[in-house]
Amino acid sequence: MKLASYNNGRRDGQLMLVSKDLSKAVAVPAIAHTMQQLLDAWDLLQPQLQELYEALNDGLIDSAIDFDEAQCLSPLPRAYQWADGSAYVNHVELVRKARGAQMPETFWTDPLVYQGGSDCFIAPKADIPLASEEWGIDFESEIAVITDDVPMGVTTQNAEKHIKLLMLVNDVSLRNLIPGELAKGFGFYQAKPSSSFSPVAVTPEELGARWEDSKVHLPLITHLNESLFGRPNAGVDMTFNFSQLVSHVAKTRPLGAGAIIGSGTISNYDRSAGSSCLAETRMLETIAEGKPSTSFMKFGDRVRIEMLDDDQKTIFGSIDQQVVEYKG
């Protein structure tokens with residue numbers, strides 16, 4: 001299935017069932033009004049939605065309307081939990097190497113995760129408002145999963161069955177604020193403003209053979225100001241898969257339905273694939289040339305993030321956003 005949340009003037013939006021080709025959509029209030037309502041009762045409601053989804057794809061629902069990505073909020077406009085990992089240790093290694101920091105061996109055996117703000121996500125086509133270019137504005141192109149209720153201590157082997165939906169992420173980062181926060185030994189806060197998610201969330205089955213071993217085996221494509229920035233394959237060089245990430249996050253606490261777990265920045269050892277954030281490009285420049293030549297984002301810059309299937313059709317719709325000055 002493919003699902004979205006339309007902006008209806010309410011905090012949690014209107015749950016929409018979206019056709020496989022993203023051409024049609026229909027509200028399903030008789031089943032669930034919001035994405036969170038669906039996730040709270042997934043096992044009960046999913047079979048009903050699946051039947052409607054098949055009818056929608058067959059053109060049998062008269063009330064279906066043309067799907068409009070511009071009407072979409074993030075699939076979960078707010079969530080009880082947003083934990084972002086760093087599953088591509090190659091990326092972490094690069095960032096630390098460029099600033100001369102040693103990387104502990106445990107980074108290869110124990111996932112790195114931070115808890116992000118989840119009370120207000122930015123819509124996938126909305127501007128990113130920030131008060132200063134001096135903060136070092138960066139995008140991070142990622143994938144995330146949404147779970148149902150996950151018991152504390154779930155094993156890696158049992159974690160995948162709790163993954164109900166996947167979506168794309170722009171995990172906005174303010175790079176120049178990170179060192180000061182980390183130096184205090186208490187993690188990110190101001191350096192991680194509101195994130196954005198793709199217009200559409202999809203069930204793993206929608207990806208067919210491209211969903212294997214709890215990984216998405218497709219390139220994640222990022223354009224910066226209309227120029228291709230990177231297309232690393234999300235299934236390559238992923239040190240920790242999504243089952244491992246979910247298990248790790250649930251080690252000491254249960255996860256409520258609607259928990260979002262992110263992959264961290266997609267990164268490949270094959271540098272010809274490009275990067276999924278400006279920081280990685282700057283780190284490669286620093287390692288090669290002694291200093292970065294690529295600047296962070298400025299007001300007016302635009303980032304576009306999407307993923308295409310084997311037929312070069314968009315799967316999740318696109319995150320397409322411009323950075324603008326926030327004046328309060």
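Q: What makes aspartate 138 and arginine 175 buried?
A: Both aspartate 138 and arginine 175 are classed as buried. The term means under 20% relative accessible area, with exposed over 50% and partly exposed in between (1.4 Å probe, protein chains only). Arginine 175 has a relative accessible area of 15%, so it meets the cut-off for buried. This is a predicted model, in which local features need pLDDT of at least 70 and side-chain atom pairs count only at pLDDT 80 or more, while totals for chains, interfaces and linings use all residues. Residues are numbered from 1 along each chain as its sequence is written, and side-chain values use heavy atoms, with hydrogens and water left out.

Q: Why is the pair of aspartate 138 and arginine 175 called a salt bridge?
A: A salt bridge needs a side-chain nitrogen of Lys or Arg within 4 Å of a carboxyl oxygen of Asp or Glu. In this pair the closest N and O atoms are 2.8 Å apart, so the pair qualifies. Aspartate 138 lies in strand β9 (residues 137–138) and arginine 175 in the loop between β12 (173–174) and α5 (178–183), 37 residues apart. Helices (H or I, at least four residues) and strands (E, at least two) are DSSP runs, numbered from the N terminus.

Q: What makes glutamate 140 and arginine 175 a salt bridge?
A: Their side chains meet at 3.4 Å, N to O, so the pair falls within the limit for the term. Glutamate 140 sits in the loop between β9 and β10 (141–147) and arginine 175 in the loop between β12 and α5, so the pair ties together parts 35 residues apart in sequence. Glutamate 140 has a relative accessible area of 5% and is therefore buried. Salt bridges with shared partners join Asp138, Glu140, Asp171, Arg175 and Lys192 into one network. The structure holds 13 salt bridges.

Q: How do you know whether aspartate 66 and lysine 24 are exposed or buried?
A: Aspartate 66 has a relative accessible area of 54%, so it counts as exposed. Lysine 24 has 32%, so it counts as partly exposed. The side chains of aspartate 66 and lysine 24 meet in a salt bridge (2.6 Å, N to O). That pair links strand β4 (residues 65–66), which holds aspartate 66, with strand β3 (residues 24–27), which holds lysine 24, 42 residues apart.

Q: Why is serine 19 called buried?
A: Serine 19 has a relative accessible area of 2%, so it meets the cut-off. Serine 19 is found in the loop between β2 (14–18) and β3. Not counting residues up to four places away in sequence, serine 19 touches Lys2, Lys24, Tyr53, Leu56 and Asn57; contact means heavy atoms within 4.5 Å.

Q: What makes arginine 253 partly exposed?
A: Its relative accessibility is 38%, so it falls in the class between buried and exposed. Arginine 253 lies in the loop between α6 and β19 (260–262). Leaving aside neighbours within four places in sequence, arginine 253 is in contact with Gln81, Gln115 and Met152.

Q: Which residues have the most contacts inside the largest nonpolar core, and what makes it a core?
A: A nonpolar core is a set of buried Ala, Val, Leu, Ile, Met, Phe, Trp, Tyr and Cys residues joined through side-chain atoms within 4.5 Å. The largest has 61 residues, and Phe67, Ile143 and Met307 have the most contacts inside it. Helix α6 (residues 242–249) gives the most to this core, with 4 residues. The core draws at least three residues from each of domain 1 (2–71) and domain 2 (77–325); the domain bounds come from an automatic or database domain assignment. Apart from this core lies another, of 32 residues, among them Met1, Val26, Leu39 and Ile260.

Q: How do you know what area domain 1 and domain 2 bury between them?
A: Buried area is the accessible area (1.4 Å probe) that two parts lose on being put together, summed over both. For domain 1 and domain 2 the value is about 1700 Å², 58% of it on carbon and sulfur atoms. Lys2, Leu39 and Glu69 supply 33% of the area that domain 1 buries against domain 2, more than any other three residues.

Q: How many salt bridges are counted between domain 1 and domain 2?
A: The count is 3 salt bridges. On the side of domain 1 that touches domain 2, β1 (2–6), α1 (35–40) and α2 (42–57) each supply at least two residues.
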